Amino acid sequence: MNQKENEPAVSTSFDRDGFVVFPQFVTGEALVDLLENVQRFIQDIVPQLEDKYVFYEEKNVPSSLKQVQHMEKHDPWFHHFFHTGRFREVAEMLLHGPVVPKNMQYFNKPPRIGRPTPPHQDGFYFMLNPCEAVTMWFALEEVDEDNGCVRYVKGSHKQGMREHTRTQTLGFSQGIVDYPGEADRENELPLPANAGDLLVHDSLTIHRADGNQSLCRTRQALGFIYYSDRAREDVQAHSEYQKKLTEEMRASGKI
């Protein structure tokens, strides 16, 4: 069964669960090429970026690189990769129409010091009406419960937006206040992945990740955010929030 024939089943699964998994979404030479470009970006581009785009677990320690925002703005290869091709096509399929590419990110949890990602809903940050968007999480290497795989709460996207509050986790400034409730515990699923696997979740799906407990393994991934073109962003509120957050992080010495 080809991808086009399988689209109805994939969309049904996504609409039901709030997430879907595409095993071996990128393989072979295409995966090798992507991994090489990620390393090139980290080596050549990251040292030139403003601090508001780059987060480290330990400031001024390059090996503790945690997150890079908007890769597509800083490198033509990633701009093309993000705006064209299969990732965007999947977003259009799951959102049932045209999409707006918003952000391509690099994520890592360095061994021993990679901190937990608090439970949250991406839509809280996006400030959209209607809240129609997807986040893609693409594994660059093997990820399991030891080094901090993603955990989804199945069906949580159907329950609306939960209350969030500030956290101390760099790169994830908000977390759900009353997590976990009984339904969260019953429906949370860990999603281990191999290099080339793609996880996609709805902007209202609750998700989190543990810290990296491994002594030597990183946990590298790429994130892709696409909004439905039906969604309208509160641009002013979002800009003001990001500006205030950046100022607070600089004042506290986190960036």
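This passage describes the nonpolar cores, the aromatic pairs, selected buried polar residues and the backbone geometry of a predicted model.

The nonpolar interior is considered before the polar sites. The largest nonpolar core comprises 39 residues, of which Phe87, Phe138, Val200, Leu222 and Phe224 touch the most other members. Apart from this core lies another, of 11 residues, which includes Trp137, Tyr152, Ala193 and Leu199. Leaving aside residues up to four places away in sequence, Val200 is in contact with Phe14, Gly18, Phe19, Val20, Phe22, Val90, Leu94, Val134, Thr135, Met136 and Tyr152. Tyr152 is thus named both among the contacts of Val200 and among the residues of the 11-residue core.

Helix α4, spanning residues 86-94, has Phe87, Val90, Ala91, Met93 and Leu94 as its buried residues. When the helix is viewed down its axis, these buried residues fall within an arc of 160°, so they line one face of α4. Such an arrangement can be read against the general geometry of helices: an α-helix has 3.6 residues a turn, so residues three or four places apart point the same way. Two of the buried residues of α4, Val90 and Leu94, are among the contacts of Val200, while Phe87 is one of the core residues that touch the most other members. Just after α4, the backbone at His96 takes a positive phi of about 60°.

Aromatic side chains form a further set of contacts, with 13 aromatic pairs found in a search of the whole structure. In one of these, the rings of Phe81 and Phe224 are tilted, with a centre-to-centre distance of 6.1 Å and an angle of 40° between the planes. Because Phe81 lies in helix α3 (residues 76-83) and Phe224 in strand β14 (residues 221-228), this pair ties together parts that are 143 residues apart in sequence. Both Phe81 and Phe224 are buried. The rings of Phe82 and Phe224 are likewise paired, and with centres 6.2 Å apart and planes at 40° the pair is tilted. This second pair also links distant parts of the chain, joining Phe82 in helix α3 to Phe224 in strand β14 across 142 residues. The relative accessible area of Phe82 is 0%, so this residue is buried, and Phe224 is buried with a relative accessible area of 0%. Ring pairs connect Phe22, Phe25, Phe41, Trp77, Phe78, Phe81, Phe82, Phe87, Phe138, Phe224 and Tyr226 into a cluster. One ring of this cluster, that of Phe25, has the charged end of Arg86 sitting over it, 3.9 Å from the ring centre.

Buried sites also include polar residues. Asn147, placed in the loop between β7 (133-139) and β8 (150-153), has a relative accessible area of 0% and is therefore buried. Its side chain reaches the backbone nitrogen of Asp144 at 2.8 Å, and a polar atom of the Asn147 side chain lies 3.0 Å from the backbone oxygen of Thr218. Not counting residues up to four places away in sequence, Asn147 touches Lys109, Glu142, Gly211, Asn212, Gln213, Ser214, Arg217, Thr218 and Arg219. His120, found in strand β5, is buried with a relative accessible area of 1%, and its side chain is joined to that of Asp122 by a polar contact of 3.1 Å.

Several features of the backbone fall in loops. The peptide bond from Asn129 to Pro130 is cis, with omega near -5°, and Pro130 is located in the loop between β6 (128-129) and β7. A cis peptide bond also leads from Tyr179 to Pro180, with omega near 0°, where Pro180 occupies the loop between β10 (172-176) and α6 (182-187). Positive phi values occur in residues other than glycine, including Asn60, for which phi is near 70°. Asn60 belongs to the loop between β2 (54-56) and β3 (65-68), and because its relative accessibility is 67%, this residue counts as exposed. Arg112, although not a glycine, has a positive phi of about 75°. Arg112 is situated in the loop between β4 (99-107) and β5 (117-120), and at 60% relative accessibility Arg112 counts as exposed.

Note on methods. Residues are numbered from 1 along each chain as its sequence is written. This is a predicted model: local features need pLDDT of at least 70, side-chain atom pairs count only at pLDDT 80 or more; totals for chains, interfaces and linings use all residues. Side-chain values use heavy atoms; hydrogens and water are left out. Buried means under 20% relative accessible area, exposed over 50%, partly exposed in between (1.4 Å probe, protein chains only). Helices (H or I, at least four residues) and strands (E, at least two) are DSSP runs, numbered from the N terminus. The arc is that of the directions from the helix axis to the C-beta atoms. A polar contact is a pair of N or O atoms within 3.5 Å; within protein, one must be able to donate a hydrogen and the other to accept it, and residues adjacent in sequence count only if both atoms are side-chain atoms. Contact means heavy atoms within 4.5 Å. A nonpolar core is a set of buried Ala, Val, Leu, Ile, Met, Phe, Trp, Tyr and Cys residues joined through side-chain atoms within 4.5 Å. Rings of Phe, Tyr and Trp (its six-membered ring) pair if their centres lie within 6.5 Å; planes under 30 degrees apart count as stacked, over 60 as edge-to-face and the rest as tilted. A charge sits over a ring if NZ of Lys or CZ of Arg is within 6 Å of the ring centre and within 35 degrees of the ring normal.
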